[in-house]
Structure formats: C-alpha cells, structure tokens
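Colleague: I would like to learn how to read a structure such as this one, step by step.
Modeller: Then let us look at it together.

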Amino acid sequence: MPMPRWLAEINKRFFNKMELRRGKRPVLTHIGRSSNKTYHTPLDAHRVENGFVFILVYGSQSDWVQNILAAGTAGLAIGKEQFDLINPRLVGKETAWGLLEGKAKPPPGFMNINEYLQMDIAE
C-alpha cells in the first residue's frame, strides 16, 4: 500500500513548500483539473529513454497525478533544464523497473508501490 493520504496532505501543505524554497529538487508544474490553477510539485524525476518515470509514493489518486492525467501535459524543471512532458500514463511495477533498472533505488518493500507515472518529452 502506498503511503497514507494523511501523510500526503502534511507533505503537500508543509514539506513541499519548504522544498520549493530550497530549490534543489525537480519541480513538476501542472494545472488543477477543476481550479485551473497552476501548481508546482517538488519530487524525484527519473530519466528514461524519451521521458521520465515518477514513483507514486502516495498512489495514483494524488491530486498532482490526477491533474496531469486529466490535462495530458505537464512541465518539468530540473535545475536550469526545462522539459515539456506529454502522454501521461500509469504503468505497473515491472514496466517501471524495467525502465529504471540501475537508474533509481527501489522504494522499501513495505510500501508496496505498484503504480508509476511515465511521461514522454514533447518533441
């Protein structure tokens, strides 16, 4: 089971703001599906051929994941690099780790994360 929703809310309201101020992590920019507001979410982005994979620590029901799936696009800033991302799709554990092998450390087994978000870099 991914991390609990209550922890995601604490992270979203406190730690994400702190991480954005620090400016050290990749930042995913997405549009709210009902508010149409722009959001900036700091997270780990794992580069794969033609795109990125994101480990869904809080599951696919997280607001940022749902926003991106609804919009079909997102922006990603890693340092000074900017990427336009398209074609968001949920992929399973086997698919994700087939792409990530040697590029990322798997989450602890007790988290039992089975869904990942894969996106392509727009041409």
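Colleague: How many residues lie between S1 and S2 in their hairpin?
Modeller: This is a predicted model, in which local features need pLDDT of at least 70, side-chain atom pairs count only at pLDDT 80 or more, and totals for chains, interfaces and linings use all residues. Residues are numbered from 1 along each chain as its sequence is written, and side-chain values use heavy atoms, with hydrogens and water left out. Strands (E, at least two residues) and helices (H or I, at least four) are DSSP runs numbered from the N terminus, and two strands pair if DSSP finds at least two bridges between them. Here six residues separate S1 and S2, and Asn 36 in the turn has a positive phi of about 65°. The two strands, residues 27-31 and residues 38-42, run antiparallel and are joined by five bridges, with Pro 42 of S2 as the bridge partner of Val 27.

Colleague: Which strand residue is the bridge partner of Leu 28 in S5?
Modeller: That partner is Leu 76, and S1 and S5 pair in the antiparallel sense over three bridges.

Colleague: Why are the buried residues of H3 said to be on the same side?
Modeller: Buried means under 20% relative accessible area, exposed over 50%, and partly exposed in between (1.4 Å probe, protein chains only). In H3, residues 93-100, the buried ones are Ala 96, Trp 97 and Leu 100. They lie on the same side because they cover an arc of only 90° around the axis, the arc being that of the directions from the helix axis to the C-beta atoms. Glu 94 and Gly 98, on the other side of H3, are exposed.
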